[in-house]
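Let's take a walk through this model together, from its loops to its overall build. Have the sequence and the 3D view open side by side.

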Amino acid sequence: MPDSPAALAMPDDATGLAAALAAGAISPVGAMSQARARARACADLGAVCWLSEAEPAAAEAGPFAGVPLLVKDLGGPFAGIPMRAGSAALARKKGAADSDLAQRFRAAGFRPFGATTVPEFGLSLSSEPAVGPICSNPLNPALSAGGSSGGSAAAVAAGIVPLAHATDAGGSIRVPAAACGLVGLKPSRGAIPGGPGFGNHLGGIATEFAVTRSIRDAQALWPCLTGHARGPFPDPAPLPAEGAYTIGLVTGGAEIAPERAEAIEAAAKALENIGHRIVQIDAQALAPLRKTCARAFDRIVSANLATLVRAGLDPAQFEPLTRAFAERGAGLAAVDLWQATEAGAGAAHALWQLFDEVDVLLTPMLSTAPPPLGSFPTDHAEPETQLARMDALAPYAALANITGAPALTLPFGAHEGLPLPVQLIAPMGGDLRLLELGAALEAEHRWTHPIPLFGGQA
């Protein structure tokens, strides 16, 4: 019977929901009704910052026809979805036109109906904007859901939607996915369209994709969003599948909680058991690259915020930390920015050299469990403190953004009810390689979503 409890109990990801919709087990109206009901039931989580009152146009085609979608309040834009980047400096005005990426989401059959919470201008690994709402982790509401795509990750983990749009400039897809037990792919530079405005482009370090409940969702979404991105970077050439890979296991270096280090070792062992070769890589070998990437991230983000002020935004309406970053950017010498970006190019070259020895890197994603809410305060004017906190929580995140490499996180085990995420990094063009290895790890069934799609309710 369409839209019956039995029908709704079956799918738990976007692929499953799309199949149920195609089979008539649930209608697009029914799926949207369930998503809205779940959003209302989870309002206290603060995952959703805006919901449309209007019913989005029905999608009649595409592999995800009829699947409800939430959109990050930073990136896009999506026509009809207001974006304010979590800031009081921006009025909540509906986008007049779709970005190239938004058009592809719609062509795939998704039905956008709301926006998800972000920290102001994405400047944190926790999603707690002063304008609200404060986004909590569905797995433990006392903890952060991560940032800057924290609202998207919380919405997916809470079962409001099966996947959600997300962006990543310094770990902003992967950190929230890791905090909430999801799959988070940061694509290769150039794989995802950023036009026509390139407003969240940040000189190439930022990209967009989604947080998902399964590897198969990421695999199915990939061809819907990629290819013919039309600049400013060429489409990365896909690396061929090789069957067996040499995987560099990064050990030592950054302070990683014991249970998380053990999860990395367990993931390496699981991959070795199915025929991949594991080699040890001392984290100290990556330390200079991490330092270079952190410096480039700082300079690029600071300069970007300064340009927003020059474009007319009132810094008096910024949170103190954002204002400090903007002032930092305004005082940045052009030669300093240029040297940082040149050093980033050098880091990319050095990482390519490392990939002459290994096909994929396996690293920690988070050094600890998701931190308590309030661990990333923005009521201060100390950018260096914020950057240090971000690096401590996600020590290998910015490496992929500055170098353009694709990176994937997924949960591989649990500790005290929270996921134990791992991260895989590949050379540019190795996105499908990462998803192939991610599927192998997911098949170990080390993690089960504690909250079903739509909360398991009819």
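Where is the place of proline 133? Proline 133 sits in the loop between E5 and strand E6 (136-137). Here helices (H or I, at least four residues) and strands (E, at least two) are DSSP runs, numbered from the N terminus. The peptide bond that leads from glycine 132 into proline 133 is cis, with omega near -10°.

Before going further, a word on the ground rules. This is a predicted model, in which local features need pLDDT of at least 70 and side-chain atom pairs count only at pLDDT 80 or more, while totals for chains, interfaces and linings use all residues. Residues are numbered from 1 along each chain as its sequence is written, and side-chain values use heavy atoms, with hydrogens and water left out.

Now the cis bond has a counterpart to visit. Glycine 195 and proline 196 are also joined by a cis peptide bond, with omega about 0°. Look for proline 196 in the loop between strand E9 (183-186) and strand E10 (207-212).

Let's zoom out. The protein has 14 helices and 15 strands. Its radius of gyration, taken over C-alpha atoms, is 20 Å; the globule rule (2.2 Å times the number of residues to the power 0.38) gives 23 Å for 458 residues, and the two values are close, so the protein is as compact as a globular protein of that length. Along the principal axes, the C-alpha atoms fill a box of roughly 60 × 55 × 40 Å. Buried residues (under 20% relative accessible area, against over 50% for exposed and partly exposed in between, with a 1.4 Å probe and protein chains only) make up 61% of the 458 residues. Contact means heavy atoms within 4.5 Å; of the contacts with a separation of 6 or more, 78% come from residues 24 or more positions apart.

On the outside, the protein exposes about 16,900 Å², and carbon and sulfur atoms supply 56% of that area. These areas come from the Shrake-Rupley method with a 1.4 Å probe, and for residues only the protein chains shown count as cover. As for charge, there are 30 positive and 41 negative side chains, and the centres of the two sets lie 5 Å apart. Lys and Arg count as positive and Asp and Glu as negative, with His and the chain ends not counted; each charge is placed at NZ of Lys, CZ of Arg, CG of Asp or CD of Glu.

Next, follow the helices. H9 has 24 residues and reaches 35 Å from its first C-alpha to its last, close to the 34 Å expected at 1.5 Å a residue. That expected span is 1.5 Å times one less than the number of residues. Just after H9, glycine 312 takes a positive phi of about 125°. Glycine 312 lies in the loop between H9 and H10 and is exposed, with a relative accessible area of 57%. Beyond that loop, helix H10 (residues 320-330) has Leu321, Thr322, Ala324, Phe325, Ala326 and Gly329 buried. What do the buried residues of H10 pack against? They pack against helix H9 (287-310) and helix H12 (383-393).

Helix H14 (residues 431-442) has twelve residues and spans 16 Å from first to last C-alpha, close to the 16 Å expected. Among its buried residues are Asp431, Arg433, Leu434 and Leu435.

Back to the loops for a few last stops. Phenylalanine 110 lies between helix H4 (100-107) and strand E5 (111-116), and at 3% relative accessibility it counts as buried. Leaving aside neighbours within four places in sequence, phenylalanine 110 is in contact with Phe64, Val67, Leu69, Phe105, Leu163 and Leu221. Proline 236, in the loop between helix H7 (215-225) and strand E11 (246-251), is buried too, with a relative accessible area of 18%. Not counting residues up to four places away in sequence, proline 236 touches Ser188, Arg189, Gly190, Ala191 and Gly429.

Finally, check two backbone angles. Alanine 85 has phi near 55°, a positive value in a residue other than glycine, and at 5% relative accessibility alanine 85 is buried. Glutamate 416 also has phi near 55°; at 72% relative accessibility, glutamate 416 counts as exposed.
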